[in-house]
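Work through the following exercises with the sequence and the model open side by side. Each task is followed by a solution that proceeds step by step.

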Amino acid sequence: MSGPDELDEALALANDSVRRRDPAARARTATGACAAAHGRGDSDSDGDELDAPEWLTPASPSTGGRGPAPRTGQGRPQAPAGGREPHSHDLPWADARTYAARAAGPVPSCTLPLSQALNHTLDAPLDALTDLPSFDTSAMDGWAVSGPGPWELADGERPDSHGLLAGDRRRPRTLPDGRAVRIATGARVPPGASAVLRYEYGELDGSRLRATNRPQPGADIRPRGQECRSGDRLLPTGTHVTPAVLGLAAAAGYDRLTVTRRPRAEVLVLGDELLHQGVPREGRIRDALGPMVEPWLTALGADVLVTRRLGDDAEALHEAVATTTADVVVTTGGTARGPVDHLRPTLTRASARLLVEGVRVRPGHPMLLARLPAGRGSRQPDGSGPYLVGLPGNPLAALSGLMTLAAPLIRTLADRPAEKPPSASLSDDVQGHPRDTRLVPVTCSPEQSHARPLLYNGPAMLRGIATATALAVVPPGGATAGTGVPVLPLPWHGW
Ligand SMILES: Nc1nc2c(c(=O)[nH]1)N[C@H]1C(S)=C(S)[C@@H](COP(=O)(O)OP(=O)(O)OC[C@H]3O[C@@H](n4cnc5c(N)ncnc54)[C@H](O)[C@@H]3O)O[C@H]1N2
Ligand code: MOO
């Protein structure tokens with residue numbers, strides 16, 4: 001299901017969908033969970049979870065593998081009347097990722113000053129606004145010379161003068177044959193100059209200049225238009241704006257860039273048991289997700305408007321969901337069917353469309369993806385409302401949800417194509433879940449060919465992921481040492 005071939009196919013589908021999307025629809029506004037064989041893990045999401053009561057999904061036909069269609073089931077999840085078909089509506093992991101990538105279209109574009117455009121996606125090609133360089137430029141400090149030499153310093157040129165400097169507004173006078181003029185790196189080369197002679201290759205005797213190393217014609221002159229001509233396409237639409245892209249844009253004459261706005265996210269942390277400072281006490285624990293999810297989403301390409309802590313208050317959750325101004329709401333906890341797990345009932349009450357009800361992945365199988373109606377807050381270009389990603393409360397399960405659902409969704413919203421995960425060979429055996437994909441924290445070797453599974457990878461543990469560089473995608477049944485598996489680099493460990 002989630003072997004490399006299926007992943008390729010899933011990603012091809014996702015990219016294809018991004019390419020094929022209707023441009024008009026964008027309506028732009030210009031402005032295993034078995035504990036690891038080698039490692040120490042929890043057992044609370046082991047294979048025996050397959051025997052757990054069905055609580056995730058209403059009783060309706062299975063989506064049946066690849067190519068899921070949107071579901072509109074909104075009823076509160078009911079335990080099946082009889083029989084046991086655990087998690088029948090959970091999507092295979094690779095399908096869930098594809099689905100999340102395909103659920104969305106890009107958010108509108110906007111025009112931003114260069115200082116604010118970093119880490120956006122170009123929504124217009126970067127065409128040169130000028131020739132680069134825009135004038136014949138000296139590449140070295142020395143003398144602009146005309147002819148084979150030796151040369152006389154140009155009229156009026158004193159041996160100690162600075163000569164032609166970078167940024168000099170005066171147009172340089174034509175240099176007659178047999179003459180030389182001092183020139184600095186970056187200065188305009190005068191018409192008539194045949195080369196620039198570097199200081200270290202020239203000897204000055206009074207006003208007479210001789211070359212110890214005769215320059216070839218054109219030496220150390222960067223001719224106008226060497227890098228590009230005005231109108232040349234420098235970068236296509238869809239390019240990720242890196243610091244280097246900002247530099248190129250500035251060099252090519254841009255003050256502002258047309259980019260896809262970064263998707264806006266809002267984080268809602270649920271759970272009355274959470275403390276926000278100090279040491280865990282009296283049955284309460286520290287909120288580990290509030291501090292983690294916001295920067296994780298930022299690294300994935302979203303701008304987080306706010307992280308709100310709502311406890312287990314169903315009314316507050318409903319109000320937050322109904323009034324959000326974000327493109328994506330990310331909740332933590334409350335995805336299950338405990339007495340104070342309000343997320344799914346709230347989605348029903350809000351008339352949300354449940355797109356992914358659960359995923360066959362460990363940890364994190366209760367994760368979900370929904371589409372909210374266009375409410376009082378945010379409205380997407382196609383007139384519908386924001387997305388909601390429900391992350392399970394166990395911290396590693398929440399990160400599994402971020403990498404499985406939030407990452408591909410945000411990529412598409414930000415107009416970046418899906419990426420095929422690289423592959424690495426496992427250094428140890430990893431036990432698998434009998435039916436589900438496992439995501440296991442690993443460190444990849446410097447050459448990124450080997451992945452070493454880490455200890456402390458239980459669903460409630462962060463000790464393993466805190467030193468990881470990637471999550472390995474372990475197929476159902478597990479994988480032996482030496483097997484190549486896809487790896488999802490953590491967003492700050494790019495490849
Ligand atoms: N009957 C069943 N119960 C559960 C199942 C199941 O299949 N059947 N699955 C378990 C799994 S797996 C997970 S994961 C959780 C998901 O439940 P929720 O999303 O509703 O999460 P909570 O119940 O709110 O919390 C679960 C766990 O995580 C702790 N937590 C919550 N938020 C945070 C936070 N911000 N920082 C740190 N820790 C957090 C919370 O205290 C709980 O210990 O359901 C299982 N149950
Ligand atoms: O183990 Mo749960 O799978 O922590 O989502």
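**Exercise 1.** Establish the strand order of the six-stranded open sheet, and find which strands stand at its edges.

*Solution.* The order across this open sheet is β9-β6-β8-β7-β11-β10, and the pairing is mixed, where strands are DSSP runs of E with at least two residues, numbered from the N terminus, and two strands pair if DSSP finds at least two bridges between them. The edge strands are β9 (195–198) and β10 (202–205), each of which pairs on one side only. Neighbouring strands of this sheet are turned against each other by 35 degrees on average, direction ignored, with axes taken as lines fitted to C-alpha atoms and angles between N-to-C directions running from 0 to 180 degrees. At the β10 edge, four bridges join β10 to strand β11 (residues 208–211) in the antiparallel sense, and L204 has L209 as its bridge partner in β11.

The model is predicted, so that local features need pLDDT of at least 70 and side-chain atom pairs count only at pLDDT 80 or more, whereas totals for chains, interfaces and linings use all residues. Residues are numbered from 1 along each chain as its sequence is written, while chains are lettered from A and ligands numbered from 1 in the order in which they are written.

**Exercise 2.** Describe the open sheet that contains β2, β14 and β3, and explain why β2 and β3 each have a side without a neighbour.

*Solution.* The three strands follow the order β2-β14-β3 with antiparallel pairing. Because β2 and β3 stand at the edges and each has a single partner strand, one side of each is left without a neighbour in the sheet. Between β2 and strand β14 (residues 256–260) there are five bridges in the antiparallel sense, and P113 finds its bridge partner in R256 of β14.

**Exercise 3.** Trace the partners of strand β21 and the directions in which its residues point.

*Solution.* Start with the residues of β21 (residues 359–362): V359 and V361 point one way, R360 and R362 point the other way, and all are buried, a term that requires 20 or more other C-beta atoms within 10 Å of a residue's own, with 12 or fewer making it exposed, values in between partly exposed, and C-beta atoms placed from the backbone. In a regular strand the side chains alternate between the two faces of the sheet. Next, take the partners: strand β1 (residues 91–92) is joined to β21 by two bridges and runs parallel to it, with P92 paired to R360. Two further bridges link β21 in parallel to strand β25 (residues 437–444), where T437 is the bridge partner of V361.

**Exercise 4.** Follow β25 onward to β26, and decide which residues of β26 lie on its covered face and which on its uncovered face.

*Solution.* β25 and β26 run antiparallel and are joined by three bridges, with C444 opposite A451. The two strands form a hairpin with five residues between them, and Q448 in the turn has a positive phi of about 60 degrees. Strand β26 (residues 450–453) also pairs with β24, in the parallel sense and over two bridges, A451 being the bridge partner of L426. The covered face of β26 carries A451 and P453, and the uncovered face H450 and R452.

**Exercise 5.** Locate the cis peptide bonds at P150 and P363, and then the positive phi values at N119 and D415.

*Solution.* Most residues other than glycine have a negative phi, and most peptide bonds are trans. G149 and P150 are joined by a cis peptide bond with omega about 0 degrees, and P150 lies in the loop between β6 (142–145) and β7 (151–153). The bond from R362 to P363 is also cis, with omega near -10 degrees, and P363 belongs to the loop between β21 and β22 (368–371). Turning to phi, N119 has a value near 65 degrees and sits in the loop between β2 (109–113) and β3 (121–122); N119 counts as partly exposed because it has 17 C-beta neighbours inside 10 Å. D415 has a phi near 70 degrees, in the loop between α7 (395–413) and β24 (423–426), and is buried, with 26 other C-beta atoms within 10 Å.
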